[in-house]
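Trainee: Could you go through this structure with me, one topic at a time?
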Amino acid sequence: MSTTTLTTVRRKPGYSRFFRILTYTFLTGVALAWLVPVVGAVYASFRPYSETQKKGIFSWPSKLSFSNYTNAWKQGGMGGVHGTFANTAFIVLPSIVLILLLSSMMAFAVSRFTWRFNVTLLLIFTAGNLLPAQVIFKPLFTMFQHIPWPNFLSDSDSGDLLGTKIAVIIIHVAFQTGFCTFVLSNYMKTIPKELNEAALVDGASVPRQFFQIILPLCRPALAALATLEFTWLYNDFFWAVVLLNQGSQRPITSSIANLGGQFFSNDNLIAAASMIIAMPTLAVYLAMQKQFISGLTLGASKG
Amino acid sequence: MSTDVTEAAPPNRGRRRRYSQLSFKDKVWLCLMVGVPTVIHIVFVWVPAIATIILSFTKWDGIKLGSWNAVGFKNYWAIFTIFDSKFFPALFNNLVLLIFLSVCSLVGILLAYLLDKGVRGSRIYQSIYYFPVVLSLAVVGFIWKSVMFSQSQGLLNVGRTKPIDFVGDSHKLFVFHLPFLDTPLGLSKNFAALLIAMAWRHIGYVMVLYLAGLKSVDPSLREASSIDGCNEWQTFRQVVFPVMKPINVVVLVITVIEALRAFDIIVALKEPIGTSVLGVLVKNNLVGEGGGQVGLGSAYGVILLLLCLGFIIWYLINNYREQDP
């Protein structure tokens with residue numbers, strides 16, 4: 001008796017059940033549709049091009065092999081110390097370290113101390129991060145062209161910064177520091193002020209307060225930002241394409257632009273290359289899903 | 001820059017209370033902590049942005065420093081009159097993209113709302129919707145091109161006797177003429193195909209942002225509104241949606257900025273005819289074969305910048321209003 005009254009109070013049972021089924025059908029349908037391109041790409045990447053050309057991807061396989069992967073790896077120049085993967089590592093890892101260091105220092109100074117230009121600086125940083133990259137690149141290009149840089153420190157022989165990986169690192173750091181400062185300053189505002197006061201009374205200097213008190217407390221935010229920045233910088237296409245004109249110097253993601261030509265239009269080879277390129281970010285995403293999403297939401301809502 | 005440590009005090013008071021608890025060394029440290037990132041950011045982001053604005057009023061081949069000539073608004077005039085056959089179709093594509101991504105954002109919000117209702121396995125759904133976001137748009141373009149769109153074997157061409165060339169077909173789906181324009185505007189078939197690939201990535205992004213926002217909405221608000229007799233739609237429209245304002249602003253800004261900055265997927269697919277957008281026009285006037293028209297390219301860039309800037313400012317006002325007295 002009591003249960004029936006309860007359900008009638010909640011809602012007409014048939015009505016809500018209908019909507020529940022509808023909800024699940026819709027969600028599952030969308031999820032399946034979402035998986036089609038990737039499952040298709042994985043499936044195609046294991047099959048020879050000649051076969052899928054004849055029968056289409058949507059067919060029973062007569063031969064499965066890794067040969068597309070090995071070919072993509074070799075022809076794309078992905079492996080080795082001078083391969084595109086190494087280029088990516090050389091650009092992305094130092095960038096992340098620098099971005100997090102600079103932005104946490106900046107965030108510390110503007111969020112733990114009251115300055116006159118606090119908000120102005122944060123405004124400049126946040127706005128800068130939203131500027132379209134195309135708008136700033138030509139002057140930047142010219143600037144790098146006129147900054148001398150010794151050849152033995154770079155892999156180009158022009159004697160300037162343009163065309164070196166350092167140039168790409170610099171622009172990543174300059175751009176991304178805006179976003180990370182914004183996120184970290186929001187995060188640091190949630191740390192009680194008393195901690196700083198206590199440290200001040202104990203005579204801790206500013207660098208000590210920063211490195212030994214605030215920074216360790218920011219570990220979750222730093223981890224979240226590191227994951228987020230990893231995927232963003234790894235996926236960068238624009239800067240690598242315009243600043244590194246030699247294909248062999250390019251990081252993995254932008255080198256895919258050359259693959260189309262190299263592989264004619266061997267779609268399965270391209271699918272395999274896409275899968276190789278997608279692997280690291282997918283792995284990071286699956287392993288660090290929580291940090292990833294918290295990084296995004298930290299940036300979206302203020303602390 | 002002054003370094004008064006008046007914690008939690010409104011900035012105006014800092015002027016009067018000028019005593020400082022910081023030693024000289026600490027002040028130097030703080031100045032460095034603020035100075036180094038600020039200088040890097042301003043020199044490599046804002047100085048080039050301002051330089052682009054200045055260059056848009058000049059004619060320059062982009063090679064020799066100092067060889068630029070001021071030409072006033074000539075570049076802008078050229079864009080709106082001589083180059084209108086390039087400019088307006090690109091602008092129109094950006095506009096189509098904006099409208100389309102806005103619809104995608106609504107879909108993302110719907111998915112987030114449904115997942116927030118306590119669906120079983122919501123984590124799995126969430127992961128599936130979100131994973132395209134971690135792929136670069138260039139890779140997204142290649143996956144769709146080789147697996148979905150391919151004329152000879154693509155999954156979207158399964159069972160078609162006359163396969164469609166999704167990436168190459170620049171025929172317009174619809175065309176209309178504006179009275180002041182010679183060039184007809186319209187949505188080409190291949191751009192429509194690219195839109196679908198972009199939606200794949202955009203919807204998950206919005207879904208995750210919105211879901212996180214929904215989770216932070218106080219459940220007692222919904223309870224109160226349902227006790228007051230609101231149905232689900234009324235509760236969402238009049239209680240949840242207003243409370244979510246900060247997230248709504250972020251979603252809108254992301255949608256607009258993404259639509260205006262679109263670049264990667266088009267360039268990665270070798271810029272098929274009919275898919276040009278403003279970002280690509282800027283690049284093509286500055287580097288490569290059509291390069292050397294720095295003034296013109298910069299003017300395109302400034303137009304792009306102005307379109308973005310309105311939304312950037314609006315976003316900043318929304319974000320900093322409470323902090324800035």
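Trainee: Let's begin with B:L32: what is its relative accessible area, and how does it count?
Mentor: B:L32 has a relative accessible area of 46%, so it is partly exposed, on a scale where buried means under 20%, exposed over 50% and partly exposed in between, with a 1.4 Å probe and protein chains only. This is a predicted model, where local features need pLDDT of at least 70 and side-chain atom pairs pLDDT 80 or more, while totals for chains, interfaces and linings use all residues. Residues are numbered from 1 along each chain as written, chains are lettered from A and ligands numbered from 1 in the order written, and side-chain values use heavy atoms, without hydrogens or water.

Trainee: And where does B:L32 sit?
Mentor: B:L32 is in helix α2 of chain B, which covers residues 24–55; helices here are DSSP runs of H or I with at least four residues, strands are runs of E with at least two, and both are numbered from the N terminus.

Trainee: Which residues make the nonpolar surface patch with B:L32?
Mentor: B:F24, B:V28 and B:V36 join B:L32 in that nonpolar patch, whose area is about 380 Å². Patch members have over 30% relative accessible area and no salt bridge, with nonpolar side chains joined within 5 Å and like charges within 9 Å, and the areas come from the Shrake-Rupley method with a 1.4 Å probe.

Trainee: Changing topic, how many salt bridges are there over all chains?
Mentor: The search of the whole structure gives five salt bridges over all chains, each being a side-chain nitrogen of Lys or Arg within 4 Å of a carboxyl oxygen of Asp or Glu.

Trainee: What does B:K117 pair with?
Mentor: B:K117 pairs with B:E232, and their closest N and O atoms are 3.0 Å apart. This salt bridge links distant parts of the chain, since B:K117 is in the loop between α4 (84–116) and α5 (122–130) of chain B and B:E232 is in helix α9 (residues 232–243), 115 residues apart. Both partners are partly exposed, B:K117 with a relative accessible area of 44% and B:E232 with 33%.

Trainee: What about B:K189, which residue does it form a salt bridge with?
Mentor: B:K189 forms one with B:D169, where the closest N and O atoms are 3.9 Å apart. The two lie 20 residues apart, B:K189 in helix α7 (residues 189–215) of chain B and B:D169 in the loop between α6 (137–149) and β3 (172–176) of that chain. B:K189 is partly exposed, with a relative accessible area of 35%, whereas B:D169 counts as buried at 18%.

Trainee: And B:E271, what does that side chain meet in a salt bridge?
Mentor: B:E271 meets B:K283, at 2.8 Å from N to O. B:E271 is in the loop between α11 (264–268) and α12 (278–286) of chain B, and B:K283, 12 residues apart from it, is in helix α12. At 25% relative accessibility B:E271 counts as partly exposed, while B:K283 counts as buried at 12%.

Trainee: What is phi of B:E271?
Mentor: Phi of B:E271 is near 45°, which is a positive value in a residue other than glycine. B:K270 also has a positive phi, about 70°, although it is not a glycine. B:K270 lies in the loop between α11 and α12 of chain B and counts as exposed at 53% relative accessibility.

Trainee: On to helix packing: at what angle do α4(B) and α7(B) pack?
Mentor: α4(B) and α7(B) pack at about 40°, with their axes 7 Å apart. That makes α4(B) oblique to α7(B), as angles under 35 degrees count as roughly parallel, over 145 as roughly antiparallel, 65 to 115 as roughly perpendicular and the rest as oblique. The axes are lines fitted to C-alpha atoms over the stretch in contact, and angles run from 0 to 180 degrees between N-to-C directions.

Trainee: At roughly what angle do the axes of α6(B) and α7(B) cross?
Mentor: Those axes cross at roughly 125° and come within 10 Å, so α6(B) and α7(B) are oblique to each other. The crossing of α6(B) and α7(B) is right-handed, meaning that the near helix is turned clockwise from the far one by less than a right angle, where anticlockwise would be left-handed.

Trainee: Last one: in which helix is B:M148?
Mentor: B:M148 is in helix α6 of chain B and counts as buried at 6% relative accessibility. B:M148 and B:V158, 10 residues apart in sequence, are 9.4 Å apart from C-alpha to C-alpha.
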